[in-house]
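Here's a quick tour of one model, from its sheet to its cores and its ligand shell. Have a look at the fold before reading on.

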Amino acid sequence: MQSSPQAVQNLKAMLETGVFLDPLLVSNFLRNSAQSPVQTVRSLARGLAAQIYTNCMHEETISAEEILDRRPFSPTLLRLCLVETLISTAFAISHEEYGREEPEEASLAAAADKLTELVARIGCGALYDAYFIIAGYDTLQPLYFHKHITEQAFLSGVHHHPYLPENLELFMLVSLATQTLRLKRVGRVRTVQITRLGMQSYLEAKAVMRESGYFDRRVKFAYLYSFDTVEDWDAMCDVVWPNHRQLRIDFLDFLGDLRGKRVLEVACGTGALTFDAKLSERVDETGELVALDMSSGMLDQARRKWKQLGRPSNVTLQLGNVEKMPFSAASFDLCVGAAFLHFVDPVAALREMARTVVTGGIVSVWQGSYFSLDAPFFRDWFEPIFELARRRNAERPQSYMPESGETIVRWFEQAGLRDVVTENASLTWVFDDPETIVQHVVRGVSFFETELMELPWDDRRTIVAELVDRGRDVCARYPLRHRTMYLPMHCIKGVVR
Ligand SMILES: C[S@@+](CC[C@H](N)C(=O)[O-])C[C@H]1O[C@@H](n2cnc3c(N)ncnc32)[C@H](O)[C@@H]1O
């Protein structure tokens, strides 16, 4: 399906300006509107959006050329678009700039500046059009898969979770007006059906979102949210990776004597390295350890361990983004991190890690690289995911792991580190407990996020249940040794210039 070059340009301009419009993210947040911080964010965003709306209408920037003829102009929809753009952009700023969990006043103000800059660059009409593409994609997606659903199911939002019912009502009216959906009575029930134009609009929207890089951005946020909701990460790792604890200890040995050092650990997660593998003890009370992670959910679990250990005063836990950390240059002797490079821009992260370390100090990671997805049991078990990949014309699910240990060494060198050395090991991955494996792969390490993104929300839940069932069958048919994989793991360190 061809994407409109202008629409791709507009979404690219949006991403370049740092504006992120994600109605799914906002709906998820606003679902908790009973909480007062959510209400505050919503009313602040409405105030800021009203100003931008007035400017748009005053300057007549809603020009006819920017909006396709088939899109009706709805002031309510434009206001909704502005509010949602402000909140999701503020989310991104809060996470990435301030290392905070949720939007608040400062990030909303920064989002309003970026949005004003974007509107000056592409026009309000182009922003409105982008909203049609993104919200239109989400609205049409369940219909594209199911072809028709009952009107009641549409309006209640079961197929469109986390979209809010009041917004779905508006989207349904707009979709009926633009003839991408139609109502049809089937027996005694009214159903909503997708039209041929609707199918075409869905595929066009998808092509624009893919080509502009929008999907990648959405996936990156989805990773973060899956970490925020993982509660049993440590227990899952013990079941799935029986030798992970020993390999972490080996990694700490690889780092050498840490006593009395100032150490920064990035992407610390639940503290598997920090506390369970006893990094904090190796630094000992004469040194200092700061452990940082971008997910408050993971960090909460690390904080629990810190409290259990009697709140050691030389260990600090901090919310933050490894690509932009709140520490002055050369504040640490060492900066380390485990199993995170595949979630970030690796060279930018390594460069930032190096910035925080003194000349002659060490930057080091413990990181896995690509493993083949072609083992017969794996293809058999995860066939529904391979099928989703084929719909993208890909042979296998997208792997986000670095290609090899050499790739990581190259990243170290590109980040300016010298005398890079490595030690290799392999992490045993036992596929033996279908429930845990599926939770770990899908929710824990978000391995199939790109593929699952193809599916409406409720179908993702269905596929997870199907994968657990398939897993039971696969475990009965393949001996355990055929269901065991070995993930290449690399201890890598380089010296800061
Ligand atoms: C697979 S977990 C590994 C956690 C821990 N290091 C371990 O070995 O168990 C990846 C962690 O990276 C964190 N993360 C992802 N992107 C990040 C970023 N840009 N800045 C800081 N942490 C990030 C996630 O929140 C998650 O806790």
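## Ground rules

Two strands count as paired if DSSP finds at least two bridges between them; helices (H or I, at least four residues) and strands (E, at least two) are DSSP runs, numbered from the N terminus. Keep in mind that this is a predicted model: local features need pLDDT of at least 70, side-chain atom pairs count only at pLDDT 80 or more, and totals for chains, interfaces and linings use all residues. Residue numbers start from 1 along each chain as its sequence is written.

## The sheet

Strand E4 (residues 262–266) and strand E5 (residues 288–293) run parallel, joined by 4 bridges. Leu264 has Val290 in E5 as its bridge partner. Both strands belong to an open, mixed sheet of 7 strands, ordered E6-E5-E4-E7-E8-E10-E9. At the edges sit E6 (315–319) and E9 (418–430), each pairing on one side only.

## The core

The largest nonpolar core (buried Ala, Val, Leu, Ile, Met, Phe, Trp, Tyr and Cys joined through C-beta atoms within 7 Å; buried means 20 or more other C-beta atoms within 10 Å, with C-beta atoms placed from the backbone) has 73 residues. Cys335, Leu350, Met353, Val357 and Val363 touch the most other members. A second, separate core of 62 residues includes Val41 and Leu140.

## Around the ligand

What surrounds the ligand? There are 19 residues (C-beta atom, placed from the backbone, within 6 Å), and the closest are Ala267, Gly269, Met294, Ser295 and Ala338.

Terms used. Buried ≥ 20, exposed ≤ 12 C-beta atoms within 10 Å, placed from the backbone.
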